[in-house]
Amino acid sequence: MQSALSGEETLLNATLKAQGEGFYYSPQAAVSHWVPKERIHPEWLVQRSYWQGYSVALVDHIVGKSSLYQRLSSTWNLLKRVLDLNPLVFECLPRPKRPIPIGPMQIGLLDRARLILSWQWGYFSKVWFG
């Protein structure tokens with residue numbers, strides 16, 4: 001699933017900013033995105049979450065975050081998630097006004113926890129194992 005690398009827009013925005021240029025947000029802009037039904041399954045989302053974390057680590061490296069900073073922060077954040085479950089459980093509790101809709105279903109507590117840990121593991125894996 002290496003084709004799941006992403007972050008092009010973030011990298012473009014960081015590059016423009018570093019060159020003294022800008023980017024703009026238009027609230028009137030609309031984007032449609034078709035999602036195949038294979039991608040509305042929690043297992044796919046967990047894999048995608050891993051690659052999103054991996055992609056963010058890659059973009060952080062490209063835009064100049066130090067390897068030491070990335071290693072320390074990724075280790076700390078992963079350990080914090082694994083060892084201190086209170087924030088993880090709090091983040092995973094359903095929010096009445098902000099459920100995560102996945103087609104006709106909602107993501108359950110366990111799947112939300114897996115999404116969060118998967119993202120952290122993706123970032124950590126890129127930083128430590130390349």
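1. Two residues are said to be in contact when their heavy atoms lie within 4.5 Å of each other. Read in that sense, the contacts of this predicted model reach well along the chain: of the contacts in the protein with a separation of 6 or more, 75% are accounted for by residues 24 or more positions apart.

2. For orientation, it helps to start with the order of the elements. The protein has five helices and two strands, and from the N terminus on these elements run α-α-α-α-β-β-α. Of the 130 residues in the protein, 30% are buried, while the accessible surface comes to about 9500 Å², with 62% of that surface belonging to carbon and sulfur atoms.

3. Helix 3 is a good place to look at how one helix can have two sides. This helix covers residues 67-83, which is 17 residues, and from its first C-alpha to its last it reaches 24 Å, close to the 24 Å expected at 1.5 Å a residue. Its buried residues are Gln70, Ser73, Ser74, Leu78 and Arg81. Seen down the axis of helix 3, these buried residues fall within an arc of 125°, and so they line one face of the helix. The face turned away from that buried side carries the exposed residues Leu68, Leu72, Trp76 and Leu83. A general point helps with reading such a pattern: an α-helix has 3.6 residues a turn, so residues three or four places apart point the same way.

4. Where are the salt bridges? The count comes to two. In one of them, the side chains of Arg114 and Glu43 meet at 2.7 Å, N to O. Arg114 lies in helix 5 and Glu43 in helix 2 (residues 42-62), so this pair ties together parts that are 71 residues apart in sequence. Arg114 counts as partly exposed, with a relative accessibility of 29%, and Glu43 also counts as partly exposed, at 41%.

5. Another salt bridge joins the side chains of Lys65 and Asp60, which meet at 3.7 Å, N to O. Here the partners differ in how far they are covered, since the cut-off for buried is under 20% relative accessible area: Lys65, at 35% relative accessibility, counts as partly exposed, whereas Asp60, at 12%, counts as buried.

6. Lys126 deserves a careful look, and its place is in helix 5 (residues 109-129). Which side chain of opposite charge is nearest to Lys126, and how far away is it? That side chain is Asp60, 11 Å away, and Lys126 is buried yet has no salt bridge. Not counting residues up to four places away in sequence, Lys126 touches Tyr54, Ala57 and Leu58.

7. Two further residues can be set side by side, and the reader may ask of each whether it is buried or exposed. Phe129, whose place is in helix 5, is exposed, with a relative accessible area of 62%; leaving aside its neighbours within four places in sequence, Phe129 is in contact with Trp121 and Phe124. Ser55, whose place is in helix 2, counts as buried, with a relative accessibility of 1%. Once residues up to four places away in sequence are set aside, Ser55 touches Ala4, Leu5 and Ser6.

Notes: Residues numbered from 1 in each chain as written. Predicted model: local features only at pLDDT ≥ 70, side-chain atom pairs only at ≥ 80, totals over all residues. Heavy atoms only, no water. Helix = DSSP H or I, 4+ residues; strand = E, 2+ residues; numbered from the N terminus. Buried < 20%, exposed > 50% of the residue type's maximum accessible area, 1.4 Å probe, protein only. Lys, Arg positive; Asp, Glu negative; His and termini not counted. Salt bridge = Lys/Arg side-chain N within 4 Å of Asp/Glu carboxyl O. Expected span 1.5 Å × (residues − 1). Arc of directions from axis to C-beta. Areas by Shrake-Rupley, 256 points an atom, 1.4 Å probe, with all protein chains shown as cover.
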